[in-house]
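Hi,

Here's the structure I promised to pass on. Have a look at it first, then read my notes underneath.

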Amino acid sequence: DSARNGFSFKGIKDYLECYRSGKLTPSQVAKNIIAMLEDCDKSTPPLRAIVQWDQEQIMLMAEASTTRYRNKCTLSCLDGIPVCLKEEFKVVPYHHRVGTVYLGTEPETEDATVAKKLREAGAIIIGVSNMHELGTGTTGCNPNRYHKIPRNPYNPNHFTGGSSSGSAAAVAAGLCPVAIGTDGGGSVRIPASFCGVVGLKGTFGRISCHGCLPLSYSTVSVGPICTSVADAAIVYSILAEPDLLYPYGLKQPKATLSDMCAPDLKGLKLGVDWTFFKACDDEVLSACEKAVKHLQSLGASVVEVSLPEMEETRVAHAICILSEMRDFLQPDFNKHFHEMNLETRASLALASQFTALDYIKANRQRTRSVRFLQEIFSTVNCILTPALPCTAPRIYESDLLTGSSDMSFTVRSMRFMQLGNFTGIPGLVVPIGYSTAGLPISLQVMAKWWDEAVLLRIGLKLEQFRDQTKKPSIYYDILA
């Protein structure tokens with residue numbers, strides 16, 4: 001718990017205090033959310049964070065939670081907490097559209113594992129959130145009729161980032177303190193960073209992907225987007241465990257939050273490859289360098305490391321994720337080509353140019369990259385980078401009509417993200433400040449496989465570096 005002057009986001013703790021004190025019930029909160037969701041749809045421009053929601057469903061979950069609070073038999077500390085899930089997850093009774101106009105023609109009858117766990121924990125699922133079509137980009141730009149372009153709550157004329165665009169926008173706009181996204185090339189961490197909230201990509205396999213469209217089976221991890229590191233830790237501790245329906249995570253060690261609340265960072269070694277670190281805009285670099293100094297002041301030591309073959313890693317990750325998506329989407333590409341956004345068509349057409357040889361070479365590179373990281377993590381506890389080289393890009397009029405396809409931006413925005421997806425290591429992004437234009441800037445911490453606990457420990461201390469939290473220009477105070 002960190003007391004703050006001025007604005008602070010409402011997190012899990014604030015909701016629990018309202019419920020336990022009797023100030024508000026989950027049912028009253030749900031009514032507020034429904035009113036806000038109606039307002040979001042009517043605002044100019046519309047926020048477009050939540051793309052499917054159902055008043056009756058929200059009230060049913062809220063009323064059940066209200067009864068549990070009355071009878072003092074709550075299910076977990078997520079009981080009564082509003083959450084949303086990216087449209088990539090199956091959530092009853094919504095359409096599993098995955099950002100398209102042609103998938104999910106019928107309402108879902110079975111929940112993804114993550115949705116099921118959230119229900120079992122008593123959370124109120126307020127709907128499914130917007131996403132970049134089929135997760136193929138990093139802006140969140142999705143001009144089709146069901147989705148439209150989600151707006152960055154810090155500046156509605158800027159993108160949210162993608163592909164878990166609506167999840168980050170919903171959290172930053174106060175609609176819910178918790179959202180769930182997927183991350184195959186930065187898709188949790190990019191929008192969380194652009195929208196000034198916390199994003200955690202778990203180790204590959206740590207949180208079940210069952211019930212999620214299997215776009216890329218070797219790079220995608222699931223993770224929470226939250227208003228604080230503490231909230232990310234709570235959600236992680238509830239979702240992170242083996243799932244018999246998801247074989248990749250069956251052999252994982254038990255998830256812990258060990259030493260997360262240690263008073264300082266003494267004994268921790270933070271690895272930085274300064275050449276790699278500095279390839280970002282001046283404002284971003286300045287804020288990130290100061291944040292690293294802050295971590296040093298808490299007793300951590302900074303160790304210079306070399307991240308070898310980063311260009312090879314970048315290309316190899318792109319080959320792997322695009323080849324796997326192209327393989328899975330082959331029937332869609334043939335049958336629904338004209339219903340896809342122009343950018344999606346271009347990305348999948350590009351992917352069809354890769355050969356089996358390219359894919360095999362890319363996976364050889366993965367073996368090398370994993371080996372390099374094993375060596376680096378034998379000398380340091382984590383690796384620090386800026387989350388993104390720049391702040392959220394501007395939305396242009398043409399983007400609203402035809403979408404946006406800017407390969408150089410896509411490549412640049414994934415610069416610090418791909419290593420984590422390619423090798424499966426976990427990563428956490430924490431907002432540390434703002435540009436002169438008022439757009440959020442974040443730092444990224446990556447650790448060895450299954451060591452999310454050290455990320456959360458460092459993340460808690462990183463949050464203290466930000467001297468103030470600016471209020472987003474679109475913000476709904478559900479508890480007011």
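The side chains of S352 and Q353 are joined by a polar contact of 3.4 Å. Keep in mind that this is a predicted model, so treat that distance as a computed one.

Where does S352 sit? You'll find S352 in the loop between α12 (342-351) and α13 (356-376). Is S352 buried, partly exposed or exposed? With a relative accessibility of 34%, S352 counts as partly exposed, because that value falls between the 20% and 50% cut-offs. Now look back along the chain to N341, eleven residues away from S352: the C-alpha atoms of the two are separated by 17 Å.

Now zoom out to the whole chain. There are 17 helices and eleven strands in it. The radius of gyration is 21 Å, and the globule rule gives 23 Å for 480 residues; the two are close, so the chain is as compact as a globular protein of that length. If you want a feel for the dimensions, the C-alpha trace spans about 55 × 55 × 45 Å along its principal axes.

How much of the chain is buried? Buried residues make up 63% of the 480. As for contacts with a separation of 6 or more, 79% of them come from residues 24 or more positions apart.

On the outside, the chain exposes about 18300 Å², and 53% of that is supplied by carbon and sulfur atoms. Last, the charges: there are 48 positive and 48 negative side chains, and the centres of the two sets lie 3 Å apart.

Cheers

Notes
Residues are numbered from 1 along each chain as its sequence is written. This is a predicted model: local features need pLDDT of at least 70, side-chain atom pairs count only at pLDDT 80 or more; totals for chains, interfaces and linings use all residues. Side-chain values use heavy atoms; hydrogens and water are left out. Helices (H or I, at least four residues) and strands (E, at least two) are DSSP runs, numbered from the N terminus. Buried means under 20% relative accessible area, exposed over 50%, partly exposed in between (1.4 Å probe, protein chains only). A polar contact is a pair of N or O atoms within 3.5 Å; within protein, one must be able to donate a hydrogen and the other to accept it, and residues adjacent in sequence count only if both atoms are side-chain atoms. The radius of gyration is taken over C-alpha atoms; the globule rule is 2.2 Å times the number of residues to the power 0.38. Contact means heavy atoms within 4.5 Å. Accessible areas come from the Shrake-Rupley method with a 1.4 Å probe; for residues, only the protein chains shown count as cover. Lys and Arg count as positive and Asp and Glu as negative; His and the chain ends are not counted. The place of a charge is taken as NZ of Lys, CZ of Arg, CG of Asp or CD of Glu.
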